[in-house]
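Hi,

Here is the structure I promised to pass on. Have a look at it first, and my notes follow below.

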Amino acid sequence: MPDTLTLHPGQMRLADLRRLWQAPVALALPASARAAIDAAAATIQRIVEKGDAAYGINTGFGKLARTRIPDEQLELLQRNLILSHSVGTGEPMSDATVRLVVAMKAASLARGYSGVRPVVIDTLLAVLNAGIVPLIPVKGSVGASGDLAPLSHMTLALMGEGDVRVHGTVMPAATALQAAGIAPLALAAKEGLALINGTQVSTALALHGLFMAERLLEAGTVTGALCVDAAKGSDAPFDPRIHAARGQPGQIALAAVTRALLAGSEIRRSHLEHDERVQDPYSLRCQPQVMGACRDLIAQAARTLLIEANAVTDNPLVFTDTGEVLSGGNFHAEPVAFAADTLALAIAEIGALAERRIALLIDAGLSGLPPFLVDNPGLNSGFMIAHVTAAALASENKSHAHPASVDSLPTSANQEDHVSMATFAGRRLDAMAHNTATILGIEWLAAAQGVDFHRPLVTSPALVPVHATLRERVPFYARDRLFAPDIEAAKTLVLQGAASAGCAALFDDVWRD
């Protein structure tokens with residue numbers, strides 16, 4: 001296992017979460033967190049011993065909250081809760097997403113408001129540190145009363161029930177725990193409810209979308225600049241005075257990046273004079289305005305999701321200073337749903353703008369390049385149908401971008417009568433991100449093709465490595481060939497962050513508030 005990431009409850013940073021998303025990291029809690037955990041667990045034990053009815057501790061759940069459960073059945077109550085609520089369906093979540101779920105759940109419980117024993121948190125961390133990834137079906141939560149079904153599947157693994165994945169191999173949880181020397185967890189009063197109440201699954205899915213959106217915005221900015229050069233566009237629209245006059249922070253930042261990307265281009269110098277075109281189409285000229293607005297949405301979503309990643313979102317909550325256990329609704333994931341919906345808008349627009357630039361490049365009347373970016377057009381179809389693929393994916397993203405948060409269906413016999421749909425709001429971001437990554441991959445191919453047609457002139461010093469990165473994987477499209485592998489290769493590079501890797505420093509100010 002790599003070096004250790006210490007989870008400071010309530011103080012996790014996006015950089016910590018991004019690091020865990022990118023690769024497995026050993027997790028630990030600081031010793032200072034133990035006192036709050038112990039105090040909350042002791043409060044729950046006193047309530048059990050006193051015998052007063054307290055929701056989720058010695059009562060049923062949801063509509064069954066008025067049913068008092070005898071003390072000798074409290075452990076069975078928690079076990080039954082997990083078994084009955086493990087009703088997820090669909091494909092398992094990715095390892096990266098599950099790592100975020102487990103880490104955020106452990107950090108939330110460690111805040112000392114949930115009343116679980118230290119062994120619960122220790123088991124969560126031990127499972128993850130052993131490379132054991134609970135198999136959590138991606139469907140089955142409405143994002144209110146917590147992500148009950150998916151978090152129940154997570155909890156099953158702690159109990160030695162259900163299935164897990166270890167280094168890509170699916171096996172029974174009991175087998176994996178035994179091999180790792182981890183004792184299955186027997187849940188005490190309230191612990192099952194504390195584990196499955198909460199927004200950690202919705203938040204993890206939205207964080208995955210956030211981190212993908214960041215890569216897509218950077219890739220789209222780079223490929224968009226390469227398109228400007230391929231189409232012999234003007235760099236005048238990126239003049240800082242234009243953007244300062246408006247004042248939108250994302251727009252100002254993205255215009256600065258685009259200027260830096262285009263600086264020193266031989267292609268640009270070749271048409272500084274005697275260019276008959278007065279203004280470029282919007283897809284070239286308005287890139288800072290559109291991509292800057294996307295950046296601002298992404299930044300706002302990041303702020304919301306970081307707060308949620310550090311939050312306590314189970315129910316009821318334990319307040320050790322007064323000994324009270326208060327029922328509320330922090331499990332309602334409306335903030336996450338709104339954040340995910342805004343990320344969907346940004347991801348869709350990044351792809352939509354790129355699709356328009358591809359359309360521009362293949363149109364000889366607009367770009368001045370060979371029709372469909374290929375020699376001997378007619379005999380060769382070139383990028384004709386690659387653009388159709390981009391258009392199909394951009395259109396599909398429009399449907400996906402419809403806000404999930406405006407939907408709600410009552411559940412639990414109308415006790416849970418308004419829900420957030422945050423889990424779906426976050427889940428659909430992955431499909432949208434892959435669609436947009438494919439569009440950007442096609443754009444990268446098209447822009448590189450256009451730049452190649454301008455030889456011996458070359459693009460800018462910042463964009464030459466961008467062009468070279470693609471050409472290491474995909475050669476010039478001299479004549480029609482099987483095109484799908486080229487697109488897949490370019491898409492993969494986009495998803496890996498390779499499009500902007502060589503000019504990463506240019507984006508430092510983009511993500512700085």
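**Cavities and overall build**

Keep in mind that this is a predicted model. I started with the smaller of the two spaces I wanted to show you: the second largest cavity is lined by Val 228, Asp 229, Gly 233, Ser 234, Asp 235, Leu 262 and Arg 268. About 30 Å³ of space lies in this second largest cavity, and its lining splits into 2 nonpolar, 2 polar and 3 charged residues.

The largest cavity holds about 40 Å³. Around the largest cavity you'll find Phe 383, Leu 445, Gln 449, Arg 471, Val 474, Pro 475, Phe 476, Tyr 477, Arg 481, Phe 483 and Asp 486. By class, that lining comes to 7 nonpolar, 1 polar and 3 charged residues. With a cut-off of 30 Å³ or more, the count is 2 cavities.

Now for the chain as a whole. It has 21 helices and 9 strands, and the C-alpha trace spans about 90 × 50 × 45 Å along its principal axes. How does the radius of gyration sit with what a compact globule of 513 residues would have? The chain has 26 Å, which agrees with the value near 24 Å for such a globule.

As for packing, 55% of the 513 residues are buried. Of the contacts between residues at least 6 apart in sequence, 78% join residues at least 24 apart. The accessible surface comes to about 20,500 Å², with 56% of that belonging to carbon and sulfur atoms.

Cheers

Conventions. Residues are numbered from 1 along each chain as its sequence is written. This is a predicted model: local features need pLDDT of at least 70, side-chain atom pairs count only at pLDDT 80 or more; totals for chains, interfaces and linings use all residues. Side-chain values use heavy atoms; hydrogens and water are left out. On a 1 Å grid over the protein atoms alone, a cavity is a set of points where a 1.4 Å probe fits but cannot get out, and a pocket is an open set with protein on both sides within 12 Å along at least five of seven lines; lining residues have an atom within 4 Å of a point. Grid points are joined across faces, edges and corners, and a volume is the space filled by probe spheres set on the points. Ala, Val, Leu, Ile, Met, Phe, Trp, Tyr, Cys and Pro count as nonpolar, Asp, Glu, Lys and Arg as charged, and the others, Gly among them, as polar. Helices (H or I, at least four residues) and strands (E, at least two) are DSSP runs, numbered from the N terminus. The radius of gyration is taken over C-alpha atoms; the globule rule is 2.2 Å times the number of residues to the power 0.38. Buried means under 20% relative accessible area, exposed over 50%, partly exposed in between (1.4 Å probe, protein chains only). Contact means heavy atoms within 4.5 Å. Accessible areas come from the Shrake-Rupley method with a 1.4 Å probe; for residues, only the protein chains shown count as cover.
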